[in-house]
Amino acid sequence: MIVDPVEALKKTVSATATVAPTASVSPVPTVVPSLPEYQTASETGNRTLWVVFVVMLVASVVFSGMSWSVPMSKRLYHVITTLITITAALSYFAMASGHGASYHHVVERESHQHVPDTTHDIYREVYYARYIDWSITTPLLLLDLCLLAGMNGGSILIAIVADLIMILTGLFAAYGAEGTPQKWGWYAIACIAYLVVIWQLAYHGRGMAMNKGGKVGNFFAAIGGFTLIIWTVYPIIWGIADGSRNMNPDEEIIAYAILDILAKPIFGAWLLFTHQSMPESNVELGGFWSQGLSGEGQIRVGDDEEGA
């Protein structure tokens, strides 16, 4: 049987055309996991830390030099204020040199429509040296203000304890876990403690300062109001930076640096220079503070008893 090749080719093409195409399989949707994100300070932030360290160190030298011009019995403000800037200088040296910081691990969950949820790991740098600094310097700042106003010991103790609670709970909040009451719960407690500090200074402090005379009262109102305004900005910065992470570490460092310079060297210079021209604000301490142990109060070691 002779087969016409042209007809055979036509039949083959026709048969191939009638075959239904196979259905294509849709690709399985996938999500590529993201790499961990490290939120750390850059060179700008590190330079800022070094600059503030130098500022605090210079302020400490200046305040210490100012104390030499007054007798020891009247150096209480000078000693307290110098300790404030020295502590801040040590804190900034620790942060600038790479110490006094650790990472807080935050896990963010990301939802998707057709695939399981994924997580994103964030490691944010937290400068715990800053909280150590504040736990020492802010009580000393309060002590300066309380002594200026002439507040009683009970009110001073309440203000300082409330201040320490504010700082420590702020530290706990900085390391608090996301999605739990830890972070914002500790933050709320810190804000309540701060309200106690404001009450002690604004109510008791203001009243006691006015009893010492108009000059002292007006000066206390000015420097106390200045301090409370600055201190009120701190928790706002914390909420934007550590709390919601809407501020990068460099911006956080710069913001806190400005506040620390205002709250410590500027505050200290204002207090000490005004104190020199305002005798009503003097706090004079005698006895052991200015003279040491007297002859009768000295501790004797190895002396024989009389008649032995």
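**View 1. What lines the largest cavity in this predicted model.** By class, the lining is made up of 15 nonpolar residues, two polar ones and two charged ones. That gives 19 lining residues, and sitting nearest the centre of the cavity are Trp134, Met166, Ile167, Tyr234 and Pro235. The space inside comes to about 300 Å³. If you go looking for others, the count is three cavities of 30 Å³ or more. Which helices each give at least two residues to the lining of the largest cavity? They are helix 4 (128–149), helix 5 (153–174), helix 6 (182–211), helix 7 (214–243) and helix 8 (249–276).

**View 2. The largest nonpolar core, with 53 residues.** Start from Leu148, Leu201, Trp231 and Tyr234, the residues with the most contacts inside this core. Helix 2, helix 3 (76–96), helix 4, helix 5, helix 6, helix 7 and helix 8 each put at least two residues into it. Helix 7 provides the largest share, with eleven residues. Tyr234 turns up in the cavity view too, as one of the residues nearest the centre of the largest cavity. For the protein as a whole, 40% of the 308 residues count as buried.

**View 3. Glutamate 252 and its two arginine partners.** One partner is arginine 124, whose salt bridge with glutamate 252 has its closest N and O atoms 3.0 Å apart. This pair ties together distant parts of the chain, with glutamate 252 in helix 8 and arginine 124 in strand 3 (residues 118–126), 128 residues apart. The other partner is arginine 130, where the side chains meet in a salt bridge at 3.6 Å, N to O. Again the link is between distant parts of the chain: glutamate 252 in helix 8 and arginine 130 in helix 4 are 122 residues apart. Are these side chains buried or exposed? Glutamate 252 and arginine 124 are both buried, and arginine 130 is buried as well, with a relative accessible area of 2%. Glutamate 252 counts as buried because its relative accessibility is 2%, under the 20% cut-off. Zoom out a little and Asp242 joins in: Arg124, Arg130, Asp242 and Glu252 are linked in a network of salt bridges.

**View 4. A salt bridge within helix 2, between arginine 47 and glutamate 43.** Here the side chains meet at 2.5 Å, N to O. Both residues lie in helix 2 (residues 43–67), four residues apart, which is about one turn of the helix. Arginine 47 has a relative accessibility of 54%, so it counts as exposed, the cut-off being over 50%. The structure holds six salt bridges, and this pair is one of them.

**View 5. Arginine 245, in the loop between helix 7 and helix 8.** What is the phi of arginine 245? The angle is near 55°, a positive value in a residue other than glycine. For context, most residues other than glycine have a negative phi. Arginine 245 has a relative accessible area of 16%, so this loop residue counts as buried.

**View 6. Isoleucine 254 beside glycine 45.** The C-alpha atoms of these two residues are separated by 7.0 Å, although isoleucine 254 and glycine 45 are 209 residues apart along the chain. Isoleucine 254 has its place in helix 8. With a relative accessibility of 34%, isoleucine 254 counts as partly exposed.

**View 7. Annotated membrane spans set against the model.** An unreviewed UniProt entry places "transmembrane region" features at residues 49–69, 76–95, 156–178, 184–204, 216–241 and 253–273. Take two of these spans for a closer look. Residues 184–204 are 100% helix and 0% strand, with the end C-alpha atoms 30 Å apart. Residues 156–178 come out at 83% helix and 0% strand, and their end C-alpha atoms lie 36 Å apart. Stepping back to the full chain, the protein has nine helices and three strands. Along the sequence they follow the pattern α-β-α-α-β-β-α-α-α-α-α-α.

Methods
Residues are numbered from 1 along each chain as its sequence is written. This is a predicted model: local features need pLDDT of at least 70, side-chain atom pairs count only at pLDDT 80 or more; totals for chains, interfaces and linings use all residues. Side-chain values use heavy atoms; hydrogens and water are left out. UniProt positions are given in the numbering used here, feature names are shortened, and annotations may be inferred rather than shown by experiment. On a 1 Å grid over the protein atoms alone, a cavity is a set of points where a 1.4 Å probe fits but cannot get out, and a pocket is an open set with protein on both sides within 12 Å along at least five of seven lines; lining residues have an atom within 4 Å of a point. Grid points are joined across faces, edges and corners, and a volume is the space filled by probe spheres set on the points. Ala, Val, Leu, Ile, Met, Phe, Trp, Tyr, Cys and Pro count as nonpolar, Asp, Glu, Lys and Arg as charged, and the others, Gly among them, as polar. Buried means under 20% relative accessible area, exposed over 50%, partly exposed in between (1.4 Å probe, protein chains only). A salt bridge is a side-chain nitrogen of Lys or Arg within 4 Å of a carboxyl oxygen of Asp or Glu. A nonpolar core is a set of buried Ala, Val, Leu, Ile, Met, Phe, Trp, Tyr and Cys residues joined through side-chain atoms within 4.5 Å.
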